[in-house]
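Trainee: I should like to learn how to read the features of a protein model that is new to me. May we go through them in turn?

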Amino acid sequence: VHLSLMMMDSSTAATKVSQWRPVFVIFTALLFDLFGFTVILPLMPSLLEYYGKTDETGIYNNIIIKVDKFRSFIGAPDIERFNTVLLGGLLGSLYSLLQFFASPMIGALSDVYGRKPILLLTCSGVLLSYILWSVSYTFPIFILARIVSGLSKGIVSISAALVTDVTSSADRSKAMALIGVAFSLGFIFGPTIGAYFSTFGKTSSITFGIFQYPALFAITTSIIVILIIMLLLKETLPKTKRSQSFSNTGILYLVNPVSLFRFSAIKHISKQELSRLRMMSAAYFLYLLLFSGLEYSLTFHVHQRFQYTRMQQGQMFLFIGILMSLVQGGYLRRRPPGTEKRTVLTGMAAIIPGMILIGWAVNPLMLYIGLVFYSFGAGTVVSCLTTVASKFGEGDEKGKVMGIFRSIGALSRAIGPFIACYVFWSYGSCICYMLGGIAIIIPLLMVATIDLKPKSDEKKES
């Protein structure tokens with residue numbers, strides 16, 4: 001009997017390792033993908049300065065004129081650095097808007113054709129965007145590279161669907177937390193690598209150093225991602241569990257913004273669960289709308305309040321990234337299954353005093369105390385809500401569910417920065433952060449009223 005129990009334990013352990021192998025593979029692929037994705041972040045001011053001096057098409061100047069009008073409208077100081085930040089925010093919003101339309105379609109394609117083929121297809125699109133970036137001597141080619149990247153980026157939503165394919169409800173929050181750790185690490189090391197390559201490139205030629213060394217690095221990481229997926233990742237959605245095909249109506253539901261918020265493309269779900277999913281997604285949209293706006297205006301705030309240089313801002317974001325990775329890799333992965341709602345509420349509650357402390361900070365110590373609360377919320381809320389969203393719908397629609405859910409988040413990130421900028425420069429940083437922090441009470445109350453445990457998930461557990 002003892003031997004039999006030992007054999008059963010050994011078999012269970014082997015099964016567990018086999019189930020988690022795709023999670024570790026996609027974690028590694030996502031980490032390299034994020035290195036390539038974030039390498040451009042510290043280079044954006046230099047890139048825009050380069051195009052401002054060299055663009056002969058007139059497109060850059062026309063955009064700058066519109067950005068300057070927006071700056072004047074919101075009352076921001078006429079400082080070249082702020083125009084650069086606003087233009088960078090505009091490009092970031094363009095990327096998020098493209099993700100809003102692309103993510104649902106990519107997720108739905110993975111339900112029909114499998115996770116691995118669509119991962120390879122989207123990662124190839126990202127590789128193409130980096131190749132375009134490496135030869136973007138003119139501003140229009142650079143914009144084209146960003147557009148191709150925004151339309152192709154599918155690894156995040158497919159990773160969430162893949163985790164759902166291979167993990168049980170008990171392990172899913174741990175696996176999603178691991179995906180969150182990949183994000184934190186990517187945003188810690190990617191920008192650092194970008195800054196290093198930019199400096200290294202200046203020893204050769206200014207033009208080459210501004211974008212081609214980092215672009216070649218991004219191309220290399222993208223090739224590594226494709227090789228990891230091609231050689232190490234096994235398909236997690238068998239043909240027997242896939243959606244059969246697209247319908248014309250289904251495609252319209254995936255491109256209609258109103259239908260996306262209503263999750264009209266999801267068919268195999270009860271009315272009660274659909275109502276819960278819609279409410280949770282509305283709370284997610286409102287939370288990210290507020291959070292992304294305050295996150296974006298943080299650069300303006302610390303420069304205006306404490307005269308932080310780019311180096312000091314980099315150190316601040318490094319502090320945030322390290323705390324988030326510790327929260328996700330330590331605290332979040334140790335939370336027991338079924339506590340996602342409580343963790344979300346705790347995370348949102350932490351962000352409220354965090355934002356108020358940041359906005360009213362009179363010294364760096366007060367600022368960094370606020371950033372501790374901010375980082376805890378940033379490391380918990382989205383990860384846990386993503387875990388809960390992954391439990392809705394049947395196996396052949398998980399890609400659509402996660403694609404639509406990510407799409408809603410992308411739209412909030414496209415809009416939030418502009419609303420926050422208007423409030424920040426019209427009413428001041430104290431009012432902006434206080435109102436933004438207090439407003440997070442609304443999505444907090446919305447989440448508090450929802451039963452976040454889908455009935456379908458309860459049945460699977462029983």
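Mentor: We begin with a definition: a residue is called buried when its relative accessible area is under 20%, exposed when over 50%, and partly exposed in between. The model before us is a predicted one. By that cut-off, 55% of the 462 residues of the chain count as buried.

Trainee: How many helices and strands does the chain have?

Mentor: The count is 19 helices and zero strands. Contacts add to this picture: among those in the chain with a separation of 6 or more, 82% are between residues 24 or more positions apart. As for the surface, the chain has about 19,700 Å² of accessible area, and carbon and sulfur atoms account for 68% of that.

Trainee: How should I read a single helix, and which residues of helix H2 are buried?

Mentor: The general idea concerns the turn: an α-helix has 3.6 residues a turn, so residues three or four places apart point the same way. Helix H2 covers residues 44-54, and its buried residues include Met44, Leu47, Leu48, Tyr50 and Tyr51. These residues lie on the same side of H2, because the arc they cover around the axis is only 155 degrees.

Trainee: Which residues form the nonpolar patch on the surface?

Mentor: The patch is formed by Phe73, Tyr422, Tyr427, Ile431 and Leu435, which together have about 530 Å² of accessible area. Helix H16 (398-427) and helix H17 (429-439) are the elements that give two or more residues to it. Consider one member: Tyr427 lies in helix H16 and is exposed, with a relative accessible area of 53%.

Trainee: How many disulfides does a search of the whole structure find?

Mentor: The test is one of distance: two cysteine sulfur atoms must lie within 2.5 Å to be taken as a disulfide. The search of the whole structure finds zero.

Trainee: Why does Cys430 have no bond to the closest cysteine sulfur?

Mentor: The closest cysteine sulfur to that of Cys430 belongs to Cys432, and because the two are 10.0 Å apart, they are too far for a bond. For Cys432, the closest cysteine sulfur is that of Cys421, at 8.3 Å, which is also too far for a bond. As to accessibility, Cys430 is partly exposed at 22%, whereas Cys432 is buried at 4%.

Trainee: Let us turn to the backbone. Where is Phe263 placed, and what is its phi?

Mentor: Phe263 is in the loop between helix H11 (257-262) and helix H12 (271-306). Although Phe263 is not a glycine, its phi is positive, at about 55 degrees. Gln307 likewise is not a glycine and has a positive phi of about 55 degrees. The loop that holds Gln307 runs between H12 and helix H13 (310-331).

Trainee: Are these two residues buried or exposed?

Mentor: Phe263 is buried, with a relative accessibility of 0%, while Gln307 is exposed, at 53%.

Trainee: To finish, with which residues is Ile141 in contact, apart from its neighbours within four places in sequence?

Mentor: Contact here means heavy atoms within 4.5 Å. With those neighbours left aside, Ile141 is in contact with Leu132, Val135 and Ser136. Ile141 itself lies in helix H6, which covers residues 139-152, and is partly exposed at 30% relative accessible area. Ser129 is 12 residues from Ile141 along the chain, and the C-alpha atoms of the two are separated by 9.8 Å.

Terms used: Residues are numbered from 1 along each chain as its sequence is written. This is a predicted model: local features need pLDDT of at least 70, side-chain atom pairs count only at pLDDT 80 or more; totals for chains, interfaces and linings use all residues. Side-chain values use heavy atoms; hydrogens and water are left out. Buried means under 20% relative accessible area, exposed over 50%, partly exposed in between (1.4 Å probe, protein chains only). Helices (H or I, at least four residues) and strands (E, at least two) are DSSP runs, numbered from the N terminus. The arc is that of the directions from the helix axis to the C-beta atoms. Patches are made of residues with over 30% relative accessible area and no salt bridge: like charges are joined within 9 Å, nonpolar side chains (Val, Leu, Ile, Met, Phe, Trp, Tyr) within 5 Å. Accessible areas come from the Shrake-Rupley method with a 1.4 Å probe; for residues, only the protein chains shown count as cover. A salt bridge is a side-chain nitrogen of Lys or Arg within 4 Å of a carboxyl oxygen of Asp or Glu.
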